[in-house]
Amino acid sequence: MIYIHYCPSCRAVRMQSGHKTRCPACSASMPEQKITFTEYTNMSQKERDRFLEDLLRKYS
């Protein structure tokens, strides 16, 4: 299964298989988000930008 994570260090949304907790780019800890892969992929670009902005505020 694919899970949505956010890397506060890279400030990026990552899609990971399984329940991985480390960023593949920088090895920082990544919290899993309460959004499904399907919900994320069905978002418009504007909705994804807003989602990322919310994550930036939450984890800054």
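## Exercises on a salt bridge and a strand pairing

Asp54 and Arg57 are joined by a salt bridge, with 2.6 Å between the closest N and O atoms. This is a predicted model, in which local features need pLDDT of at least 70 and side-chain atom pairs count only at pLDDT 80 or more, while totals for chains, interfaces and linings use all residues. Residues are numbered from 1 along each chain as its sequence is written, and side-chain values use heavy atoms, with hydrogens and water left out.

**Exercise 1.** Place the salt bridge of Asp54 and Arg57 in the structure.

Solution.
1. The criterion is a side-chain nitrogen of Lys or Arg within 4 Å of a carboxyl oxygen of Asp or Glu.
2. The structure holds 1 salt bridge.
3. Both Asp54 and Arg57 belong to helix 2 (residues 45-58), 3 residues apart, about one turn of the helix. Helices are DSSP runs of H or I with at least four residues, strands are runs of E with at least two, and both are numbered from the N terminus.
4. Buried means under 20% relative accessible area, exposed over 50%, and partly exposed in between (1.4 Å probe, protein chains only). Asp54 is partly exposed at 40%, and Arg57 is exposed at 57%.

**Exercise 2.** Which residues stand opposite His5?

Solution.
1. Strands pair if DSSP finds at least two bridges between them.
2. Strand 1 (residues 2-7) runs antiparallel to strand 2 (residues 12-17), with 6 bridges. Across from His5 in strand 2 is Arg14.
3. Strand 1 also pairs with strand 3 (residues 32-36), antiparallel, over 2 bridges. There His5 faces Glu32.
4. Of the 6 residues of strand 1, 5 are buried.
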